[in-house]
Amino acid sequence: MADTAAIDAAPIAAALPTTRDDKALHRLIFIGIAVLLIVAPLVLYPVYLMKVLCFALFALAFNLLLGYGGLLSFGHAAYFGMASYLCAYTAKQLGFTPELAILSGTATAALFGLVFGALAIRRQGIYFSMITLALAQMAFFFSLQAKFTGGEDGIQAVPRGNLFGVISLADDRAMYGLVCVIFMAGMLLIYRIIHSPFGQVLKAIRDNEPRAISLGYRASQYKLAVFVLSATLAGLAGSTKAIVFQLASLTDVHWSMSGEVVLMTLVGGMGTVFGPIVGALVIVTMETYLAQFGAWVTIIQGCVFVLCVLLFREGIVGLIARVVRRPL
Amino acid sequence: MTTIFGVPMQALFGQLLLGLINGSFYAILSLGLAIIFGLLNIINFAHGALYMMGAFVAWMLLTYVGLGYWWALGLAPLVVGAFGIVLERLLIARLYKLDHLYGLLLTFGLALIIQGLFRNQYGVSGLPYAIPPELSGGQRLPFMFLPNYRAWVVVASLTVCIATWLVIEKTKLGAYLRAATENPTLVQAFGVNVPLFLTLTYGFGVALAGFAGVLAAPIYSVNPNMGADIIIVVFAVVVIGGMGSIIGSVITGFALGLVEGLTKVFYPEASATVIFVIMVLVLLVKPAGLFGRTA
Amino acid sequence: MFGRIARPVTLAALAGALMMGTAAAQTTVKIGILGDRSGAYSDISGEGSVVAAKLAVEDFKPEQHGLKVEIVSADHQNKPDVGAAIARQWYDRDAVDMITDGVTSSVALAISQVTKEKNKVFIDTGAGTADLTGPQCTPNTIHWVYDTVALANGTGGAMVKRGGTTWFFLTADYVFGQTLQRDTSAVITKNGGKVLGSVKTPFPTSDFSSFLLQAQGSGAKVIGLANAGTDTINSIKQAGEFGITEGGQALAGLLVFSSDVHSLGTKVAQGLVLTEPFYWDLNDQTRAFSDRFAKQMKGGSKPTANHAGVYSDVLHYLKAVAETKSTADGAATVAKMKAMPTDDPLFGKGVIRADGRKIHDMYLFEVKKPAESKSEWDLYKKLETIPGDQVFRPLNEGNCPLVKG
């Protein structure tokens with residue numbers, strides 16, 4: 001039983017073959033997203049939008065691992081959070097320009113992903129989830145005790161700085177532009193990975209690991225590769241968030257952050273291309289507008305979890321995909 | 001005085017004993033998790049929340065009904081167990097045909113809800129719960145002052161763990177249970193009501209968590225978050241022990257309590273992380289865990 | 001991709017138009033209570049802060065001063081990014097003029113940064129970090145109730161003077177705990193006491209028995225708890241179990257609130273010594289306020305120092321706004337607040353220093369024995385009053401850039 005690395009109820013959307021038509025549809029959606037990103041700040045608050053985008057990228061990265069690698073990590077906060085610390089530290093203490101700070105954060109996440117991933121993929125299924133959780137907890141304790149993270153105060157007042165030393169990001173509009181570029185790039189990269197031969201092998205391993213191995217694929221290498229990729233992109237999201245909000249704190253490394261990204265992916269639809277974006281939008285919006293309800297936030301989140309698992313396993317986008325009979 | 005690495009021998013004994021007491025909590029909790037996992041194939045993320053609930057039920061019995069510690073020790077596990085049975089029937093039972101990961105996600109959501117509700121009702125500072133008069137005070141051992149209550153915790157948890165093990169290994173009921181773990185379809189064919197078994201097992205597993213909660217109430221802060229942190233340590237205990245054997249989870253629980261106790265003497269800063277470090281080492285050497293069967 | 005950058009100009013115009021709409025003949029003042037409504041500090045912050053702010057508005061009678069006061073509230077969940085985002089949105093879109101409460105140091109520092117950037121007013125009551133009036137001080141922030149240095153000075157200094165000359169620390173192993181230990185140790189040595197040792201406890205810890213045994217073995221007269229929240233509660237609870245206070249050692253809590261003591265009960269917490277700037281049962285005025293407060297609270301709980309702080313700072317802020325007649329320039333309002341001496345029924349007379357530190361007396365309390373406690377909330381007896389000019393960090397030692405020389 002421990003061998004069922006894959007989610008049995010792999011969403012229908014992901015199971016459908018992608019035809020040329022679908023690619024055209026996806027291209028249309030990408031253009032649609034780009035247009036939305038341009039129009040959105042006219043109506044909505046840019047800081048809120050940037051938060052949504054950072055979390056959407058985080059959820060996309062997580063979904064790469066869960067939806068296409070079949071691996072449920074319960075410790076993705078480690079990569080997100082460690083990257084945001086490193087990014088904040090290099091930007092504030094070492095005076096890195098934002099793009100270099102983001103890169104250094106992302107590289108840190110990649111490194112963590114490599115070490116943690118190498119350990120975690122030694123076990124499958126639930127064990128894998130529990131190990132990622134425990135490793136992430138170690139990263140949390142490290143962040144709490146290490147000097148450079150500032151303990152529970154976090155790293156505050158991180159300068160947004162000047163992009164390439166030229167464009168000032170202090171203005172929300174410039175910052176928003178950069179976040180959009182990073183988000184689009186991340187999203188397209190993930191799309192490309194999913195539809196590459198590498199992605200096809202991943203799906204094969206997810207659906208039937210012994211068979212993939214018997215076909216000559218080194219499953220553990222593929223799993224490690226996708227783990228590192230996912231951690232790296234999660235780190236990119238975390239670093240960007242540190243620059244946007246000008247701080248890095250324990251919240252980002254705490255296990256409840258790991259739970260949150262699972263929730264986003266679940267709500268949006270795991271194993272769908274666009275689901276995590278919708279999920280992040282829903283959850284961040286919920287958190288923003290439920291802030292005044294105080295203690296009810298966690299209860300509502302818990303209910304969403306339960307409802308999703310019981311009634312709504314395909315998520316929002318998965319459901320739409322089934323209705324329109326197209327992979328999304 | 002004899003010393004080891006500069007720590008007096010006698011102090012060391014004291015610390016080992018304390019480690020054993022902490023190990024008691026790990027043992028009962030990981031035992032419950034292991035039983036549930038063995039039969040239901042579900043990692044019960046709500047275990048910590050139900051442990052917390054056990055402590056709160058003890059407090060409620062005292063405050064609203066006037067029933068003291070000894071009543072609570074018997075009643076609270078029943079209440080928590082009954083609550084668990086309702087959860088299993090209404091929610092968890094719907095997931096058996098699906099991947100186990102959904103069970104993890106569902107119980108994670110349940111944990112959030114339970115903790116949130118208690119937080120709403122009782123705040124987070126925690127509630128007072130006194131040590132029962134029969135067990136207050138302590139013994140002055142040659143090497144330390146041992147509060148009677150701590151000694152009781154070790155005795156109680158050892159008794160429960162051994163009794164559980166005996167029931168599973170030595171009785172007919174236990175034999176059905178083990179058989180149902182191996183091959184539910186076959187056992188059902190023999191006329192055993194497997195769904196009922198699953199329900200009762202879940203109820204029993206969480207009742208153990210409730211029991212641990214009552215044991216904890218007089219010495220730890222009774223607050224809605226008390227289960228959230230311990231559950232992750234217990235997960236690590238379970239990974240180290242491997243889910244293969246019931247007795248394995250108990251032994252690992254006690255042993256890790258001892259290791260943690262020693263760390264508190266020699267390098268206190270690391271005592272929160274030492275279990276995770278051991279987990280990494282065990283995974284490198286023996287991926288299936290110390291007592292686990294290789295899958 | 002950058003084509004959209006030109007557009008928000010229209011947005012700004014739109015926002016401007018909206019702002020015009022809200023400006024009425026009266027000066028409208030909007031106060032935001034940004035606290036913890038769900039997490040570890042919701043008992044010292046939470047709904048109580050909103051109640052306290054409403055009572056302050058009620059007592060100020062804004063209509064007599066040509067003001068209209070609105071109160072909004074939100075939960076920062078103890079997450080700095082959530083706190084900063086709410087603060088930004090309140091200032092940018094909801095026309096909030098002043099934020100108060102701000103429990104949790106990390107969140108307080110984040111709100112303080114945003115407030116400076118937007119030139120509004122932030123009056124922190126709940127956070128402990130002395131950095132708010134130290135290296136990270138701003139012309140827009142006032143720190144109202146207490147800080148870790150004051151607690152260290154209060155408990156450390158007073159305990160040594162009362163004969164607690166040797167100390168052993170249980171220190172939560174992160175910046176907060178270490179700072180608390182460092183500051184208290186300095187005070188102890190300055191007053192002629194001695195620190196015998198300390199043990200770093202991981203954060204959070206549920207079982208302190210092993211560390212308490214080490215403390216017991218040290219033979220120190222005072223065991224200092226350089227930790228907070230659940231850690232403090234657990235260590236006090238287990239100290240009782242191991243007979244620490246009965247054995248003649250005193251427990252000194254370096255960051256304990258009356259809500260913590262209430263949750264422990266006097267049976268467990270008796271004999272604990274701590275410093276607070278406010279206690280509901282200090283005098284007739286605090287009792288009257290606390291009764292009004294308790295009537296509006298679920299469970300009838302008494303106000304903590306943080307709640308009293310919110311009442312007191314809202315009152316003083318409104319007095320300043322009534323003088324300036326405008327909330328547009330946050331720094332100017334804060335300057336006005338610093339220029340006016342403070343006076344309210346809860347903290348008495350006081351001043352706000354150039355670095356934003358509000359100065360008032362603090363009190364050394366001891367938790368009563370169960371036999372002495374007449375009611376559920378009858379928790380403390382006052383050991384001594386520590387004058388404000390002695391308890392807070394001297395102005396020139398904080399490295400606040402606003403203080404010259």
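How many bridges join strand β1 (residues 27-35) of chain C to β3(C)? Four bridges join them, and the two strands run parallel.

## Basis

This is a predicted model, in which local features need pLDDT of at least 70, side-chain atom pairs count only at pLDDT 80 or more, and totals for chains, interfaces and linings use all residues. Residues are numbered from 1 along each chain as its sequence is written, while chains are lettered from A and ligands numbered from 1 in the order in which they are written.

## Strand β3 and its partners

Strands (E, at least two residues) and helices (H or I, at least four) are DSSP runs numbered from the N terminus; two strands pair if DSSP finds at least two bridges between them. Toward β1(C), C:Ile99 of β3(C) is the bridge partner of C:Gly32. Strand β4 (residues 121-124) of chain C is also parallel to β3(C) and joined to it by four bridges; here C:Met98 has C:Val121 as its bridge partner.

Strand β3 (residues 98-101) of chain C is covered on both faces: C:Met98 and C:Thr100 are buried on one side, C:Ile99 and C:Asp101 on the other. Buried means that 20 or more other C-beta atoms, placed from the backbone, lie within 10 Å of the residue's own.

## Crossover

Helix α4 (residues 105-118) of chain C forms a right-handed β-α-β unit with β3(C) and β4(C). Right-handed means that, with the strands pointing away from the viewer, the path from the first strand over the helix to the second runs clockwise.

## Domains

Chain C is divided into domain 1 (28-146 + 282-361) and domain 2 (149-279 + 362-382), with bounds from an automatic or database domain assignment. Their C-alpha centres lie 28 Å apart.

How values were computed
A residue is buried if 20 or more other C-beta atoms lie within 10 Å of its own, exposed if 12 or fewer, and partly exposed in between; C-beta atoms are placed from the backbone.
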